[in-house]
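Hi,

Here's the structure I promised to pass on. Have a look at it first, then read on for what turned up.

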Amino acid sequence: MENLFTPYEFKGLKLKNRIVLPPMCQYSVDKKDGIANDWHFVHYVSRAVGGTGLIIIEMTDVEPDGRISDYDLGLWCDEQIEPLERIVNECHKYGAKVAIQIAHAGRKAEDAKVPVAPSPIAFDENSKTPRELTTGEVKEIVEKFRMAVRRAVKAGFDAIEIHGAHGYLIHQFHSPLTNKRDDEYGKDLTKFGSEVLKVAKSEMPEDMPLIMRLSAIEYVEGGYGIETGIELAKAYKKAGADIFHISAGGEGPIAAAGRPGTHAGYQVPFARAIKENVNTDVIAVGRLDEPDLANSVIGNGDADLVAIGRAMFRNPYWAFDAATKLGKKIKVPKQYINGFPRNI
Ligand SMILES: Cc1cc2nc3c(=O)[nH]c(=O)nc-3n(C[C@H](O)[C@H](O)[C@H](O)COP(=O)(O)O)c2cc1C
């Protein structure tokens, strides 16, 4: 039976364990240039030293105004490649594999003078009303995703994650509440996301997995439910997504009835539903801080990988602590061996 510490393999991606650092914005770019700096290096490499199997670098955007804030990472120019490559190379020294989340924030680009979106509908009354993209501009953004993925491959990443969740641009296109277009991208709500996946795949080596992050359900009034989440995943699987990273919500103000659970493991049932109905590997995420719980998600076959977010902000050595608690073996850097029980 699998557990948190059994290796995982998908195509050419080989992980030493099933622990994932999910993408989490650091809002720490210092010159608004989208370039990773020492903070990003230390932050990600610490989690690699700490025994994490797969590190997914935060939302990294395909154009400056596609960022949530001007302090987010980008991959819209070649100068942004080398600092990321340095992070990847250093993480590899500790046996971690590294992916990067490629994204466009669409109407949730807070620092953009005029954000863009499928339709001119604001996120809420405090947000800017976005400008509707022309059909030609939509196609240009698909090409920007292509170029960002090309640069990520150059930087040496082991996998690519496309951000299709949390109400960002791809999610805005596939949600009937935010896409009111009557062109080809409105008639087929998954056309934009599918085109992004296809161009991403065309830039990636054959054996490199393509991960897609998806909100399995929406929390706004009238938002879609898990049946739609399953249909979306089926369409995106067809377009080339290999693994789904299952989250939820983020598309707008939460409806009274739509408030997400705040209990441990609240999104695991969605991961399991997508896994079973779409016949795909999945990453579960959301308050899986307790090693016993995270381990049971793997052992029960709810998901293939588990992502530990905020708990890894608190503790970059989460994997070491989990191994100690669960009595599993994990390789600790020689410098730290004296800090651990002998059986680890
Ligand atoms: C500060 C912060 C930044 C985040 N940034 C991203 C991001 O860049 N991309 C993304 O898909 N999710 C992002 N998330 C969501 C996390 O990846 C994760 O899904 C969420 O924190 C739930 O997992 P947890 O309970 O283990 O923290 C962010 C969350 C936090 C707290």
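Let's begin with the overall build: the protein has 11 helices and 13 strands. Its radius of gyration comes out at 19 Å, close to the 20 Å that the globule rule gives for 344 residues, so the protein is as compact as a globular protein of that length. If you'd like a feel for its dimensions, the C-alpha trace spans about 65 × 45 × 40 Å along the principal axes. Please keep in mind that this is a predicted model.

Now for the ligand. Where does the ligand sit? You'll find it in the largest pocket. There are 16 residues around the ligand, and the ones that come nearest are Pro 23, Gln 101, Arg 213, Arg 287 and Arg 310. Sorted by character, the shell around the ligand divides into 8 nonpolar, 5 polar and 3 charged residues.

A few polar contacts are worth finding on screen. Pro 23 turns up again here: one of its polar backbone atoms is 2.8 Å from an oxygen atom of the ligand. Cys 25 also takes part through its backbone, with a polar atom 2.9 Å from a nitrogen atom of the ligand. With His 163 it's the side chain that does it, where an N or O atom is 3.1 Å from an oxygen atom of the ligand.

And how much of the ligand does the protein bury? Taken alone, the ligand exposes 610 Å², and the protein buries 82% of that.

Cheers

Notes
Residues numbered from 1 in each chain as written. Predicted model: local features only at pLDDT ≥ 70, side-chain atom pairs only at ≥ 80, totals over all residues. Heavy atoms only, no water. Near = heavy atom within 4 Å. Polar contact = N/O pair within 3.5 Å; in protein donor to acceptor, adjacent residues only side chain to side chain. Areas by Shrake-Rupley, 256 points an atom, 1.4 Å probe, with all protein chains shown as cover. 1 Å grid on protein atoms, 1.4 Å probe; cavity = no way out; pocket = protein on both sides within 12 Å on 5 of 7 lines; lining within 4 Å. Sits in = over half its atoms within 2 Å of the grid points. Nonpolar A, V, L, I, M, F, W, Y, C, P; charged D, E, K, R; others polar. Helix = DSSP H or I, 4+ residues; strand = E, 2+ residues; numbered from the N terminus. Rg over C-alpha atoms; globule rule 2.2 N^0.38 Å.
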